[in-house]
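Let's take a walk through this protein together, from the whole chain down to a single residue. Have the sequence and the 3D view open as you read.

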Amino acid sequence: MSNQRLLDRVLIPETLVKMYYAFDTRQPDILRDEVFAPHIDLDFTALFGGSPQNLTNSELVGFWMKLRDYTTKAQHNLSGILPLFPTDSDSQTDRVPVWANVLVYLRREIEGQELKETDCHATLDMEVVKVGGGEGNNPWRLSKMKANVVKEVRYKEFWVDLEK
């Protein structure tokens, strides 16, 4: 296995962990500059209904920050991150499918209103692409993500008051 392939095996999970770190800690600049590709295919139909979307980086960052601002607390635990490289270990690729698990806990507390909580367990089918990066920077960015729900508790009900 080449040194570059070993490095990519570290950098791809770093990009994905940063995604939820940035969401949970309300850091849109990290999402914009270090996580999302210029265009992202997003399929959260299993969570929200509707249809898959193709969003620009800034549209997705805005949408995610709207979701984050709706919550009081958020925690995402990403595990089992598996980049699915081509079997030829020496081949270079600018696109890599990635599979992972995510456990989500969200809480909304508003004084005088009932506490809302939800949790969701899902698998994620994703794709990352190499987008520049520059010397010493991580070039991998998320370009596709589909959530496949394994278990959810009151997830759709949690978002019912969110303005569309």
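Of the 164 residues in this predicted model, 41% are buried. The surface that the protein exposes comes to about 8900 Å², with carbon and sulfur atoms supplying 50% of it. Charge is part of the picture too: there are 20 positive and 25 negative side chains, and the centres of these two sets lie 2 Å apart.

Now for the overall fold. You can count five helices and six strands, and along the sequence they come in the order α-α-β-α-β-α-β-β-β-β-α. The radius of gyration is 17 Å, close to the 15 Å that the globule rule gives for 164 residues, so the protein is as compact as a globular protein of that length. If you lay a box along the principal axes, the C-alpha trace spans about 60 × 30 × 25 Å. Contacts tell us how the chain comes together: among those with a separation of 6 or more, 65% join residues 24 or more positions apart.

Let's begin at helix α1, which covers residues 3-24. Its 22 residues reach 32 Å from the first C-alpha to the last, close to the 32 Å expected at 1.5 Å a residue. Which residues of α1 are buried? Among them are L11, I12, T15, L16, M19, Y20 and F23, along with the charged-type residues R5, D8 and D24. A general point about helices helps when you look at such a list: an α-helix has 3.6 residues a turn, so residues three or four places apart point the same way. After α1 comes R26, whose phi is positive, near 55°.

Helix α4, residues 57-70, invites the same kind of check. At 1.5 Å a residue its 14 residues should span 20 Å, and the end C-alpha atoms are indeed 20 Å apart, which agrees. The buried residues of α4 include L60, V61, W64, M65, L67 and R68.

Finally, zoom in on A74, which sits in strand β3 (residues 73-83). Is this residue buried or exposed? A74 counts as buried because its relative accessibility is 15%, and the cut-off for buried is under 20%. Leaving aside residues up to four places away in sequence, A74 touches F23, D24, R68, Y105 and L106. Some of these partners are already familiar: F23 and D24 are buried residues of α1, and R68 is a buried residue of α4. R26, the residue with the positive phi, is 48 residues from A74 in sequence, yet their C-alpha atoms are 9.6 Å apart in space.

Conventions. Residues are numbered from 1 along each chain as its sequence is written. This is a predicted model: local features need pLDDT of at least 70, side-chain atom pairs count only at pLDDT 80 or more; totals for chains, interfaces and linings use all residues. Side-chain values use heavy atoms; hydrogens and water are left out. Helices (H or I, at least four residues) and strands (E, at least two) are DSSP runs, numbered from the N terminus. The radius of gyration is taken over C-alpha atoms; the globule rule is 2.2 Å times the number of residues to the power 0.38. Buried means under 20% relative accessible area, exposed over 50%, partly exposed in between (1.4 Å probe, protein chains only). Contact means heavy atoms within 4.5 Å. Accessible areas come from the Shrake-Rupley method with a 1.4 Å probe; for residues, only the protein chains shown count as cover. The place of a charge is taken as NZ of Lys, CZ of Arg, CG of Asp or CD of Glu. The expected span of a helix is 1.5 Å times one less than its number of residues.
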